[in-house]
Amino acid sequence: MPAVTYELIKKDQNSKARMGRLHTPHGVVDTPVFMPVGTQATVKAMSPRELEEIGAHIILSNTYHLYLRPGHQLIKEAGGLHKFMAWNGPILTDSGGFQVFSLGDLRKITEDGVEFRSHIDGSRHLFTPEKVMEIEMDLGPDIAMVFDECVSYPTTYEYAEQAMERTTRWAERCLEAHRRDDQALFAIVQGSVYKDLRERSASALVSLDFPGYAIGGLSVGEPKELMYEVLETTVPLLPGEKARYLMGVGSPDYVLEGVLRGIDMFDCVLPTRIARNGTVFTRKGKVVIRNARYKHDFTPLDPQCDCYTCRTFTRAYIRHLFNVNEILGLRLTTIHNLHYLLNFMKEIRTAISSDTLTVFKEEFYSNYILNEL
């Protein structure tokens, strides 16, 4: 048996959405699920206890950043990432591919791997599929991701095809190099916005029989309608008995649309990043708490939210904290945003269980304004 398995619980009768359970060495995760991002072995502004209190069951950390600081050998010496960061639940680590390929002129791609310069000190490094597997095995998450080439948008068909084929070859090398029985290795489907490339990528990777499959290379600047089209093409090609993960998506509307098309897992830095800039999710859309209109607003960030922030503090107070650069302000908005998304996923699961997800979608869009308030 693989270290991580997916159990299908319920299919929605009116869409491709489904509810399930992800069984991992560090616990069971109900899906669809949003995974808060702890890039450098911490979810910014949050303690592990606070994450547990708001209902986080699985978090994500970043191979590239942890390799550079503090180093995967040190984390292995500490007993692995779970012990190092005092998080007892499941962890997924991405392969660092997205970060490496975002370095632009600081990196050079070859068939062997990617040579790059550290964004910290300019030192030279080489990521090969084998090296990335070494790092992720030392980190010890429940789920590791293969090393892939994530292309930007827009890109030519020719380059997208080269990157997709290279990703498949690297996936084979990752599979051969991966040696931890207590860790699952997920593949990543690539192909940019070209449907035939997505089909070829999915077919090749499914034939290698990975325990889970991610869809990468989306939400990188393409129109959202195009992203939805790619999902509609790609998701049905993935095994129904295995988890499906859409990488880098964390906006409520994107998440809901992904669920409706059969996605089980999501992650993104968006909720924590915008929180630190003073923007929060609410039932009616995003609120920019720095705006002057909230100076005398003594209501919660979201009157329908029961998180610690909304139970305790007002918009006027949180706006004051941001205006005077108090750390508590960004902590409170981070708690709220993560609670909002985790509760959003819980409501989605409930709707799937009762076959009312299409009704949930209508109610969501009737209230949620996509522009910032």
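How many positive and negative side chains does the protein chain have, and how far apart do the centres of the two sets lie? The chain carries 42 positive and 48 negative side chains, and their two centres are 5 Å apart. Keep in mind as you read on that this is a predicted model.

Let's start with the overall form. The protein chain is built from 15 helices and 16 strands. Its C-alpha atoms fill a box of roughly 60 × 50 × 40 Å along the principal axes. The radius of gyration is 20 Å, which agrees with a compact globule, because a globule of 373 residues would have a value near 21 Å. Of these 373 residues, 57% count as buried. Among contacts with a separation of 6 or more, 67% link residues 24 or more positions apart. On the outside, the accessible surface comes to about 15,500 Å², and carbon and sulfur atoms account for 49% of that area.

Now let's step inside. The largest nonpolar core has 99 residues, and the members that touch the most others are M265, F344 and L357. Helix α14 (residues 327-353) supplies the largest share of this core, with 10 residues. Apart from this core lies another one of 13 residues, including V287, Y294, I318 and F322. If you select F344 in your viewer, you will find that it touches P252, V255, L256, F360 and F364, leaving aside residues up to four places away in sequence.

Helix α14 also holds H336. Is H336 buried or exposed? H336 counts as buried, because its relative accessibility is 0%. Its contacts beyond four places in sequence are V280, F281, L301, D302, C305, C307, T309 and C310. For a sense of distance, H336 and R18 are 318 residues apart in sequence, and their C-alpha atoms are 26 Å apart in space.

Helix α9 (residues 224-234) is a good next stop. Its buried residues are M227, Y228, V230, L231, T233 and T234. In an α-helix, residues three or four places apart point the same way, because there are 3.6 residues a turn. The buried residues of α9 pack against two helices and three strands, listed here by position: β11 (184-189), α8 (195-207), β12 (212-215), β13 (243-246) and α10 (252-260).

Finally, let's look at some backbone details. Most residues other than glycine have a negative phi, and most peptide bonds are trans. Where does the backbone have a cis peptide bond next to P32? That bond joins T31 and P32, with omega about 5°, and P32 lies in the loop between β3 (27-31) and β4 (33-36). A cis bond also runs from Y153 to P154, with omega near 0°. P154 is placed in the loop between β10 (143-145) and α7 (157-177).

As for phi, S192 is not a glycine, yet its phi is positive at about 55°. S192 sits in the loop between β11 and α8, and it counts as buried because its relative accessibility is 4%. D209, also not a glycine, has a positive phi of about 60°. D209 belongs to the loop between α8 and β12, and it is exposed, because its relative accessible area is 54%. The elements that flank these two loops, β11, α8 and β12, are among those that the buried residues of α9 pack against.

Notes
Residues are numbered from 1 along each chain as its sequence is written. This is a predicted model: local features need pLDDT of at least 70, side-chain atom pairs count only at pLDDT 80 or more; totals for chains, interfaces and linings use all residues. Side-chain values use heavy atoms; hydrogens and water are left out. Buried means under 20% relative accessible area, exposed over 50%, partly exposed in between (1.4 Å probe, protein chains only). Helices (H or I, at least four residues) and strands (E, at least two) are DSSP runs, numbered from the N terminus. Contact means heavy atoms within 4.5 Å. The radius of gyration is taken over C-alpha atoms; the globule rule is 2.2 Å times the number of residues to the power 0.38. Accessible areas come from the Shrake-Rupley method with a 1.4 Å probe; for residues, only the protein chains shown count as cover. Lys and Arg count as positive and Asp and Glu as negative; His and the chain ends are not counted. The place of a charge is taken as NZ of Lys, CZ of Arg, CG of Asp or CD of Glu. A nonpolar core is a set of buried Ala, Val, Leu, Ile, Met, Phe, Trp, Tyr and Cys residues joined through side-chain atoms within 4.5 Å.
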